[in-house]
Amino acid sequence: MRDMGSMKIVVIENDDFHLNFFETVFKRSRFDISIVALLTNAVLLKDVLRTTLEIDLIFFGRLEDIDIFSQLVLENNLTCPVIYSQGNEKADFHSNINMIGLLLKPLKEENILKEIKKYIKIREYFFNQFGSVLASYQKNTEGKRARFIVRKGQESSIVKTEDIAYFYNENRLTYIVDCKSNKFFLDEPLVKIQELLDPGTFFRVSRKYLININSIKRFRTVDKNKIQLVVDPEPSEAVLVSSS
């Protein structure tokens, strides 16, 4: 497992001036930052992704390439957070894919460092609360529930645990939603269900939701202390967790 203190960063900006500024800030900072690439357009990201998908954080300020960038993120299933930068706070910013922060130009060193600190706080939260995917493979899952008997209407059926996207509570009842958006009633409380599952795969993200990590596609901050999880299939309401 890679050191949680290290960061692999990609910067995509309009020109060499902004790229050099980011590089200077990173080198002067106290953070353990490895610069994967400094790019002047989003198309060049395609070449980077041919060699590595191990990117922790992206700074993106070339908004004219936003459609290309968004397509590359989705095609390569990149889940790393993105901090965007733009020249005007009133500009038409029409993408927030994987967004956790926004910088205004002219760029300031203290603002860049502030966004990095926020990213570290979010990463530590996810690491501490959700663990790592690697740990889920290393963990001994002997004795964990492999399937659930569920009800839909008057019928009962069996759902494999690996096919479950998430469990949730509603009106004191427990429901399962599988990866195909099928919804089932389950006659067990979440607190009991959690004890039956591999903690490296299923996480209690709130009092209401118990989620399979593989169904979490992206996440973004929605205010200073909350993170919204983008889950597939999409729940009927936003899934929010505290980052404090």
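Is F167 buried or exposed? In this predicted model, F167 is buried, with a relative accessible area of 0%. That makes F167 a good place to start a walk through the structure, so keep the 3D view open.

Look for the partner of F167. F167 forms an aromatic pair with F148. A pair of aromatic rings is described by the distance of the centres and the angle of the planes. Here the centres are 5.5 Å apart and the planes meet at 65°. An angle over 60 degrees counts as edge-to-face, and that is how F148 and F167 are classed. F148 is buried too, with a relative accessible area of 0%. Now find where the two rings come from: F148 belongs to strand β6 (residues 147–152) and F167 to strand β8 (residues 164–170), so their pairing ties together parts that are 19 residues apart in sequence. F148 has a further neighbour, since R145 lies over the face of its ring, 4.7 Å from the ring centre.

The pair of F148 and F167 is one of 13 aromatic pairs in the model. Ring pairs also link Y166, Y168, Y175, F185 and Y209 into a cluster. If you stop at Y175, you will find K183, whose charged end sits over the ring of Y175 at 4.6 Å from its centre.

Next, turn to helix α3, which spans residues 66–75. Which residues of α3 are buried? They are I66, F69, S70, L72 and V73. An α-helix has 3.6 residues a turn, so residues three or four places apart point the same way. The buried residues of α3 cover an arc of only 160° around the axis, which puts them on the same side of the helix. The face turned away from that buried side carries the exposed residues D67, L74 and E75. What lies over the buried residues? Their cover includes β1 (6–12), α2 (45–51), β3 (57–60) and β4 (82–86). Following α3 along the chain brings you to N77, which has a positive phi, near 55°.

Two of the elements that help cover α3, namely α2 and β3, lead to our last stop. In the loop between α2 and β3 you will find D56. D56 is buried, with a relative accessible area of 10%. A polar atom of the D56 side chain lies 2.7 Å from the backbone nitrogen of K8.

Conventions
Residues are numbered from 1 along each chain as its sequence is written. This is a predicted model: local features need pLDDT of at least 70, side-chain atom pairs count only at pLDDT 80 or more; totals for chains, interfaces and linings use all residues. Side-chain values use heavy atoms; hydrogens and water are left out. Rings of Phe, Tyr and Trp (its six-membered ring) pair if their centres lie within 6.5 Å; planes under 30 degrees apart count as stacked, over 60 as edge-to-face and the rest as tilted. Helices (H or I, at least four residues) and strands (E, at least two) are DSSP runs, numbered from the N terminus. Buried means under 20% relative accessible area, exposed over 50%, partly exposed in between (1.4 Å probe, protein chains only). A charge sits over a ring if NZ of Lys or CZ of Arg is within 6 Å of the ring centre and within 35 degrees of the ring normal. The arc is that of the directions from the helix axis to the C-beta atoms. Contact means heavy atoms within 4.5 Å. A polar contact is a pair of N or O atoms within 3.5 Å; within protein, one must be able to donate a hydrogen and the other to accept it, and residues adjacent in sequence count only if both atoms are side-chain atoms.
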